[in-house]
Amino acid sequence: MNRPPSPPGAERADGSFVQIGALVPLTRPGWVEAGRHLLAGLELAVREVNDAGGIVGRPLELVVRDTAADPHRAAAAVDELARLGVAALAGEYHSVVARAAAARADALGLPFLCSSAVLDALTEQPTEWVARLAPAQSHGWRIYADFLLRAGHRRIVVAAEPSVYWAAGARILRDYLAPRGGTVIELDVRGRTPTAVCDELVDSRATALLLLVGHPEPAVPIVKSVRSDQRLAEITIGAPAGQPEFAEWAMLLGDDGAAIPFLRYLPERLSPLGTRVETALRERLAEAPSFVAFEGYDAVAVLADVLRSHGVDRARTAGSWPRVAVEGTRGQIRFSRTPGVSVWQWAWTPIQVVDRDPAEPGRFRILHAG
């Protein structure tokens, strides 16, 4: 492993703070609600670390940068945070953005614990500098594909926008379903109105439509159009990327947003730690916390444990990934090398397929677990 020394400033001269850089989407076109939950989890964990005495007596401090779902902005933020002397990076929700941040962190020798992005290949080559809490996309989306098969779906339309993330998702679904008797029909939504999407669905004779598109546009208009089309009354709408997780989805769609299965990274029952954190996050957010908030909390919990044990030297932090054993909100966190994944990976956080209950859209139903 290449271990460049930590640059001047990695440990402040006055010894006042240990700093962690936080990458979070806080403005559009980033998914702002996801960013708000991610930041709430990061901030809560930092507060609790400091209440417990900090990092060997030194306060932990977040240095937050808004990525706005922009890979170039994220890479620039990594450069800035490295110059500022942060001990490590945490966060990021959007996979394509996290990939840019991971590449830059790897090049600079800056440890990055990615909390929420799932793209399998976060870096082009295997790296010692990056670890991840969220499950790899191939793992979670295969569980989702298995759910579709168990529900009797064999002919599935994937309505997608062009991106590395959506293309990877479509490929995972196609490769998993095809040998098991499933057919995936890909529909590029660019230039198509929601009505045109409905017409294509009718012609396809599919029993399920999966939304591999951005939120709220064009996901919300497509859902509204499908729900109002009597020809499609029996079709199942799915959103494996988790768009229905957040309150904004229910606010924009109401009853139309229910019964749309998605992936969520939570256990069926939270541990005592998870339950306590959930209560604190609910108070901080003034709403039920999403799994993304737990990911933020767990990222800081891991980094704090590493920094207490190994100090703020960046190379020692990166070298400690395989020795991590931290009780997180969703289980014990350990990192390992996983085939097809280029970073140190927690294999695996609990995974559920859930939807919003049509009888009570504020309540989630667990449909499948993996």
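The following exchange concerns the packing of a predicted model.

Colleague: Which elements do the buried residues of α6 pack against?

Modeller: Helix α6 spans residues 194-204, and its buried residues are V197, C198, L201 and S204. Seen down the axis of α6, these residues fall within an arc of 125 degrees, so they line one face of the helix. The elements they pack against are β6 (155-160), β7 (183-188), β8 (208-212) and α7 (219-228).

Colleague: Which residue with a positive phi follows α6?

Modeller: Helix α6 covers residues 194-204. The residue that comes after α6 has a phi near 60 degrees, and that residue is R205.

Colleague: Is C114 buried or exposed?

Modeller: The cut-off for a buried residue is a relative accessible area under 20%. C114 has a relative accessible area of 0%, and C198 has 1%. C198 therefore counts as buried, and C114 is likewise buried.

Colleague: How many disulfides are there?

Modeller: A disulfide requires two cysteine sulfur atoms within 2.5 Å. By this rule the count is 0.

Colleague: Which helix gives the most to the largest nonpolar core?

Modeller: The largest nonpolar core has 107 residues, and L42, L60, L89, F112, L113, W141 and F335 have the most contacts inside it. With 13 residues, the helix that gives the most to this core is α10 (residues 291-310).

Colleague: Which domains each give at least three residues to this core?

Modeller: The core in question is the largest nonpolar one, of 107 residues. At least three of its residues come from each of domain 1 (18-135 + 269-346) and domain 2 (138-264).

How values were computed: Residues numbered from 1 in each chain as written. Predicted model: local features only at pLDDT ≥ 70, side-chain atom pairs only at ≥ 80, totals over all residues. Heavy atoms only, no water. Buried < 20%, exposed > 50% of the residue type's maximum accessible area, 1.4 Å probe, protein only. Helix = DSSP H or I, 4+ residues; strand = E, 2+ residues; numbered from the N terminus. Arc of directions from axis to C-beta. Contact = heavy atoms within 4.5 Å. Core = buried A, V, L, I, M, F, W, Y, C linked by side-chain atoms within 4.5 Å. Domains from an automatic or database assignment.
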